[in-house]
Amino acid sequence: AVCSMGNSTSRLYSVLAKTLSSGAVSQHRDCLEQLDPIDPKDLLEECQVVLQKRPPRFQRNFVSLKKNTASNHRPIRVMQWNILAQALGEGKDNFVQCPMEALKWEERKCLILEEILAYKPDILCLQEVDHYFDTFEPLLSRLGYQCTFFPKPWSPCLDVEHNNGPDGCAMFFLKERFELIDSANIRLTAMKLKTNQVAIAQTLKCHETGRLFCIAVTHLKARTGWERFRSAQGCDLLQNLKNITQGAKIPLIVCGDFNAEPTEEVYREFSNSSLNLNSAYKLLSPDGQSEPPYTTWKIRPSGECRHTLDYIWYSQHALNVNSALGLLTEEQIGPNRLPSFNYPSDHLSLVCDFSFNQDPDRLL
């Protein structure tokens, strides 16, 4: 079988420029195993060549949140991001202030990769991934990540002409840092009915500490008027996670686009769960109790949409948040909002550094 993604670190352009044809997907996994590792610096340089006519990437700083607690291991960096499905960005979302030129996949994928490479997550949780097999799996597997994808059963991407297949959730973790112990693909239910929304939950073992933890990614139902539906999906996900973590015996991190403001019931369900979860980005607020003012900001024909919808939840009895990546300012985002030539998605990436609590039972 001929691998269409290139097979040497000196010919990375073939990796970025080409995508798998549908006929090649059947040979996909065999092909991936034959590919050489990529040096992330080489890939970043190649992305920057493709992006040389675009404005430079926005600068964001990490905010230290670490209290006076010693950690005996390297932090675990987790990145959460709704990257905007290509088919939806070009075909359905109607970002009226964003030029179509800014949404071209050949350049936008490099902006997405540049953001990932800049923050070097140990674990990456993505939503609205519709270029998994031709872009993210072949590239990130060569960067040392183990990759998992779970598409929506009825993806809206399939309604768009010239789509690249269904969108879904994807999870990636560095094999040098973690071992996969268990993995579950969860189709969320609401009122006992299966829905179009999904989650991935994986139990990992940290090589350095020997500790187990569970990482989950999800993307709940969108749109106003579906609050009760999201609440039911959240309850179903929490029940699944209670079973997987043996009732919070295993520490938990949940990343997702919940499509819900902090005022919604599903947010309260996560806040009040017996899993003892807290939202990491609350810790950026002066009192540690308030979510950021926005994680998505866009302009559609119906008007401007500025909402907080994206979260990283964590077991506060077992994990500490050492730092969190600050959000883009309104000035950085600019009057035309997102996406743009500067930024590839309508959602901001969230990045946190976690460490294990040395005495995980003290708050239980």
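Modeller: Let's begin with the labels: helices (H or I, at least four residues) and strands (E, at least two) are DSSP runs, numbered from the N terminus. This is a predicted model, in which local features need pLDDT of at least 70 and side-chain atom pairs count only at pLDDT 80 or more, while totals for chains, interfaces and linings use all residues. Residues are numbered from 1 along each chain as its sequence is written, and side-chain values use heavy atoms, with hydrogens and water left out.

Biologist: Thanks! How do I read a sheet, and in what order do the strands of the open sheet with E6 and E10 stand?

Modeller: Two strands pair if DSSP finds at least two bridges between them. Here, six strands make an open sheet with mixed pairing, in the order E6-E7-E8-E9-E13-E10. Strand E6 (178–190) and strand E10 (277–279) each have a single partner strand, so one side of each is left without a neighbour in the sheet. From one strand to the next, the twist averages 20°; for such angles, axes are lines fitted to C-alpha atoms (for helices over the stretch in contact), and angles run from 0 to 180 degrees between N-to-C directions.

Biologist: In which sense do E6 and E7 pair?

Modeller: Antiparallel: 11 bridges connect E6 with strand E7 (residues 193–206). You can follow the register near the turn, where alanine 190 faces leucine 193 of E7 and threonine 189 has lysine 194 as its bridge partner. The two strands form a hairpin with two residues between them, and there methionine 191 takes a positive phi near 55°.

Biologist: Which strands does H7 lie across?

Modeller: Contact means heavy atoms within 4.5 Å. Helix H7 (residues 227–244) lies across E6, E7, strand E8 (212–219), strand E9 (252–257) and E10, and runs at about 150° to E6.

Biologist: On to the sheet of E1 and E4: how many strands form it?

Modeller: Seven strands, in the order E1-E14-E15-E2-E3-E5-E4, make an open sheet with mixed pairing. Its edges are strand E1 (62–64) and strand E4 (145–151), each pairing on one side only. Direction ignored, neighbouring strands of this sheet are turned by 20° against each other on average. Inside it, strand E2 (residues 76–82) and strand E15 (residues 350–356) run antiparallel and are joined by five bridges, with glutamine 80 opposite leucine 350 in E15. H5 lies across E1, E2, E3, strand E14 (319–325) and E15, at about 160° to E2. H6 also packs on the sheet, touching E3, E4 and E5, and its direction makes about 160° with that of E4.

Biologist: At what angle do H5 and H6 pack?

Modeller: Helix H5 (residues 105–119) and helix H6 (residues 132–142) pack at about 35°, with axes 12 Å apart. A crossing is left-handed if the near helix is turned anticlockwise from the far one by less than a right angle, and right-handed if clockwise; H5 passes H6 in the right-handed way. The contact involves Trp105, Lys109, Ile112, Leu113 and Ile116 of H5, facing Thr135, Phe136 and Leu139 of H6. For residue classes, Ala, Val, Leu, Ile, Met, Phe, Trp, Tyr, Cys and Pro count as nonpolar, Asp, Glu, Lys and Arg as charged, and the others, Gly among them, as polar. By class, the H5–H6 contact has six nonpolar, one polar and one charged residues.

Biologist: What about empty space: what is the volume of the largest pocket?

Modeller: On a 1 Å grid over the protein atoms alone, a cavity is a set of points where a 1.4 Å probe fits but cannot get out; a pocket is an open set with protein on both sides within 12 Å along at least five of seven lines, and lining residues have an atom within 4 Å of a point. Grid points are joined across faces, edges and corners, and a volume is the space filled by probe spheres set on the points. The largest pocket comes to about 800 Å³. Of its 32 lining residues, Lys221, Ala222, Arg223, Asn259 and Arg300 are the closest to its centre. E7, H7, strand E11 (296–300) and strand E12 (303–307) each supply at least two lining residues, and H7 gives the largest share, three residues. The lining divides into 10 nonpolar, eight polar and 14 charged residues.

Biologist: How are E11 and E12 joined?

Modeller: They run antiparallel, with five bridges, and form a hairpin with two residues between them. Isoleucine 299 has glutamate 304 in E12 as its bridge partner.

Biologist: And how many cavities of 30 Å³ or more are there?

Modeller: Two. The second largest holds about 30 Å³ of space, and its lining includes Gln127, Glu128, Lys152 and His219.
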